[in-house]
Every structure is written in C-alpha cells, then in structure tokens.
Amino acid sequence: MSCECSPAPAAAAGGHCTGDHLTEGLVRWLFGGALSYPSGAVAAWRDPGTGMLGYPYPEITGYFLTLAASLGHTGTQVVRRAAAWLIDRHRRGERESRPPEPGVVYTFDTLIQATGLLNYGRAEGCDAALTLATRIVLDEARRVLDEGDISPLARSSRPPVRPPTWSTVGRLHLLKSVQG
C-alpha cells in the first residue's frame with residue numbers, strides 16, 4: 001500500500017503519512033479488495049511477506065459490511081460480493097464460524113454477521129440481506145428467551161477442541177453483538 005502524502009506532512013511525521021492521507025490509503029486498500037477472496041469472503045488476515053490470504057472469515061466479513069455502510073462504500077463490487085457471500089453461505093446452511101474449527105458455531109460471530117448484513121441491507125435497500133439478518137437476530141433472541149441465558153455457542157454447535165477461553169465460556173463479550 002502506498003500513501004500519497006505531500007512532502008511537508010510526510011516529513012513532519014518522520015516520513016510516514018498521517019491523518020486523512022493515512023485514512024484514505026487504508027480505505028482504498030480495504031475496499032480495493034486487499035483482504036477479499038473472489039468469492040466475496042473477507043480473509044482473517046493477509047500474510048505481509050507473501051500476500052497470501054488467511055481463511056475466509058464470516059465474522060470479519062460482517063465487520064467489513066458494517067464499516068462499508070458507515071463509510072458509504074456499500075455500492076462497491078467488493079462489498080456487494082461480501083454481502084452475497086454471507087447470504088449464500090447462510091442459505092446453504094453453512095454456519096460454522098471459521099474453517100479451523102469445523103462444526104463450531106459461535107453466537108457472537110453469527111450476530112456480527114447479522115449486524116453487517118443489517119447495516120449493508122439498510123444502506124443498499126437489499127431485501128435479501130435485511131430478511132436474513134432479521135431472521136438470524138430473531139432466532140437468537142428466541143433462543144435466549146427459551147433458555148433464559150445467552151450461550152457463546154449455538155445449539156447446533158460442536159464444542160470447540162481448544163481449551164476454554166473467554167470466547168467459548170464467557171458471556172460478557174456477547175453484549176458487543178448488539179452494537180449497530
């Protein structure tokens with residue numbers, strides 16, 4: 001990624017871009033598809049040495065959609081593909097949170113996907129995104145009311161193989177999933 005700074009701001013910052021120039025560069029990088037697969041999925045990371053993308057990450061794709069909506073970038077091809085990828089995977093019944101944990105479905109990850117789809121759907125007037133996101137949120141709300149608790153794992157989830165952590169047994173972090 002290059003940042004097009006005028007010589008004065010770059011020199012004042014020790015040769016590094018600051019402020020609006022850095023923000024504009026990051027926005028171009030993100031919405032130019034630097035972390036996106038052709039499928040639309042947003043990767044968990046990008047290896048700085050090789051440029052190889054990490055695994056497709058539904059939760060991060062949800063965050064990406066929310067960011068796109070808040071910055072007014074929902075009309076770009078990379079964002080439309082991201083929304084379509086999330087919609088398609090839910091239609092196919094693919095709910096696992098990440099490939100390294102087959103069959104594990106985290107409530108938080110699912111709700112972040114729904115939040116991204118809601119934000120995207122509102123910004124673009126996309127009924128498919130709004131309908132799916134609403135269904136996800138209502139299903140999770142019913143589950144919470146039925147169980148009288150909010151679980152970090154979906155009912156259909158396999159238990160994670162990794163040792164228990166805040167994301168697998170905790171509950172407080174789940175409050176973040178109601179942010180818009």
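Begin by selecting Glu101 and Arg98, both of which are buried in this predicted model. Display their side chains and look for the contact between them, since Glu101 forms a salt bridge with Arg98 in which the closest N and O atoms lie 2.7 Å apart. Side chains of opposite charge can pair when their charged atoms come close.

Keep that pair on screen and extend the selection to Glu59, Asp109 and Arg162, which together with Arg98 and Glu101 are linked in a network of salt bridges.

Next, move to helix 6, which covers residues 127–147, and select Arg143 and Glu140. These two residues form a salt bridge whose closest N and O atoms are 2.9 Å apart. Because Arg143 and Glu140 are three residues apart in this helix, about one helical turn separates them. Colour the pair by accessibility: Arg143 has a relative accessibility of 5% and therefore counts as buried, the cut-off being under 20%, and Glu140, with a relative accessible area of 9%, is buried as well.

For the last stop, select Arg155 and Glu147, which form a salt bridge with the closest N and O atoms 2.8 Å apart. How do the two partners stand in terms of accessibility, exposed or buried? Arg155 is exposed, with a relative accessible area of 55%, whereas Glu147, at 36% relative accessibility, counts as partly exposed.

To place these stops in the wider model, note that the count of salt bridges comes to 11, among them the Glu101 and Arg98 pair with which the tour began.

Definitions and conventions
Residues numbered from 1 in each chain as written. Predicted model: local features only at pLDDT ≥ 70, side-chain atom pairs only at ≥ 80, totals over all residues. Heavy atoms only, no water. Salt bridge = Lys/Arg side-chain N within 4 Å of Asp/Glu carboxyl O. Buried < 20%, exposed > 50% of the residue type's maximum accessible area, 1.4 Å probe, protein only. Helix = DSSP H or I, 4+ residues; strand = E, 2+ residues; numbered from the N terminus.
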